[in-house]
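I opened this entry to look up how the helices pack and where a few single residues sit. The notes follow the order in which I looked.

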Amino acid sequence: MSDEHIDEVSGVSTTGHEWDGIRELNNPLPRWWVITFYVTIAWALVYTTAYPAWPMLTSATKGMLGYSSRKDVKNDLAAAEAAKGKYVAAIQAKSVSEILTDDALREFAVAAGAAAFKVNCTQCHGSGAQGSKGFPNLNDDDWLWGGSPDQIKQTITHGLRFASDPDTRLSEMPAFGDIITADQIAQVSAYVASLSGKVRDASLIQPGAKVFAENCVACHGDNAKGNREFGAPDLTDAIWLYGSGETAIAAQVRAPKQGVMPAWVGRLGEIKVKELAVYVHSLGGGE
């Protein structure tokens, strides 16, 4: 620091501050700036008096105008509920198939169903409904129980193998490891793999076809195209829930995995289930 002195060029006194040979002039602030500064202070005092602002021990000042952002949000939500009320009432009154014939109602149901899907279904079926091992892809046209709007609704409503719902969809593949020999499991696995062009030992296909005819056609059909009445999958389309190839098929034949899906109607209600059915149907694989 240096002693205060008069700047030789401007004739203005300095503050006494000096940095690297540069002295700070002691010019007063512009009047317009000072006035603006005091106006903002006054405005802040008025604002924080009129609106909730000052924190206290357990709450905050309420403000003289009684404004509440929570109340605004509550009113906005109430207005939104009222605006969609006519659509919700229409969804409640109509079947899923009828909803699909009304463009405005279908658009509303798809949007609402998409939101419900993100909250309740992505954990198993994925954010894009693409599924994963053991959880079906809802975008394709491979449906164990049928892909019509009403069939999709039935599945969502009552679930799969959900013990507490008497109307749940039921199917159970026997553990063939307790029924047929290991050689027969290898043979039938080779045969099933051959139906979609994946087999390593072609010599097993013919005996495998005989094992299939004796043990599997009752559910999967003579042509292995499956049976929706039992939720038996089509074995010829190369779409596999638990993995493809003879090893994965043999594991499923030997000790089959039996997936479970909750009955959603008790959790979400009839309206939300319909919206979900419309959304799932809209993904492109619906029939």
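**Helix packing around α12**

I began with α4 and α12, which are roughly perpendicular to each other. The model is a predicted one. I read a crossing angle of roughly 95 degrees for this pair, with the axes coming within 7 Å. That angle falls in the range of 65 to 115 degrees, so the pair counts as roughly perpendicular. On the α4 side I listed R106, F108, A109, V110, A112, G113, A114, A116 and F117, and on the α12 side K272, E275, L276, V278, Y279, V280 and S282. Sorted by class, the residues of this contact are 11 nonpolar, two polar and three charged.

Next I took α2 and α12. Their axes are 9 Å apart and the angle is about 85 degrees, so α2 and α12 are also put down as roughly perpendicular. V88, I91 and Q92 of α2 make the contact with I271, K274 and E275 of α12. I noted three nonpolar, one polar and two charged residues for it.

Then I looked at α6 against α12. The angle between them is about 130 degrees and the axes lie 9 Å apart. An angle of this value belongs to none of the parallel, antiparallel or perpendicular ranges, and α6 and α12 are therefore oblique to each other. I recorded the crossing as right-handed. From α6 the residues are P149, I152, K153, I156 and T157; from α12 they are E270, V273, K274, L276, A277, V280 and H281. The class count for α6 with α12 is seven nonpolar, two polar and three charged.

**Nonpolar cores**

Which residues have the most contacts inside the largest nonpolar core? I found F117, I156 and V280, in a core of 26 residues. At least two residues of this core come from each of α3 (96–99), α4 (103–120), α6 (149–158) and α12 (270–282). I followed V280 further: beyond its neighbours within four places in sequence, V280 is in contact with F117, L138, W143 and I152. V280 is also listed in the α12 contact with α4 and in the α12 contact with α6. There is a second, separate core of 15 residues, and I180, I185, A193 and I249 are among them.

**The end of α2**

I checked A93, which is found in helix α2 (residues 69–93). Is A93 buried or exposed? A93 has 66% relative accessibility and the cut-off for exposed is over 50%, so A93 counts as exposed. I also took the C-alpha to C-alpha distance from A93 to I271, which is 9.2 Å across a sequence separation of 178 residues. I271 is one of the α12 residues in the contact with α2.

**Positive phi outside glycine**

I noted D20, with phi near 55 degrees, a positive value in a residue other than glycine. D20 is in the loop between β1 (14–19) and β2 (22–25). D20 counts as exposed because its relative accessibility is 82%.

A129 has phi near 60 degrees, again positive in a residue other than glycine. The loop that holds A129 runs between α5 (122–125) and α6. A129 counts as buried because its relative accessibility is 0%.

**A224 and Y191**

I placed A224 in the loop between α9 (217–220) and α10 (246–254). A224 is buried, with a relative accessible area of 0%. What is A224 in contact with, leaving aside its neighbours within four places in sequence? I listed L195, F212, P233, D234, L235 and T236. I also took the C-alpha separation of A224 and V260, which is 23 Å for 36 residues along the chain.

Last, I looked at Y191, which lies in helix α7 (residues 182–194). Its relative accessibility is 15% and buried means under 20%, so Y191 counts as buried. Neighbours within four places in sequence aside, Y191 is in contact with I205, G208, A209 and F212. F212 is also on the contact list of A224. The C-alpha atoms of Y191 and K210 are separated by 9.2 Å, with the two positions 19 residues apart along the chain counted as their distance apart.

Terms used:
Residues numbered from 1 in each chain as written. Predicted model: local features only at pLDDT ≥ 70, side-chain atom pairs only at ≥ 80, totals over all residues. Heavy atoms only, no water. Core = buried A, V, L, I, M, F, W, Y, C linked by side-chain atoms within 4.5 Å. Buried < 20%, exposed > 50% of the residue type's maximum accessible area, 1.4 Å probe, protein only. Helix = DSSP H or I, 4+ residues; strand = E, 2+ residues; numbered from the N terminus. Contact = heavy atoms within 4.5 Å. Axes fitted to C-alpha atoms, helices over the stretch in contact; angles between N-to-C directions. Parallel < 35°, antiparallel > 145°, perpendicular 65-115°, else oblique. Left-handed = near helix turned anticlockwise from the far one by under 90°. Nonpolar A, V, L, I, M, F, W, Y, C, P; charged D, E, K, R; others polar.
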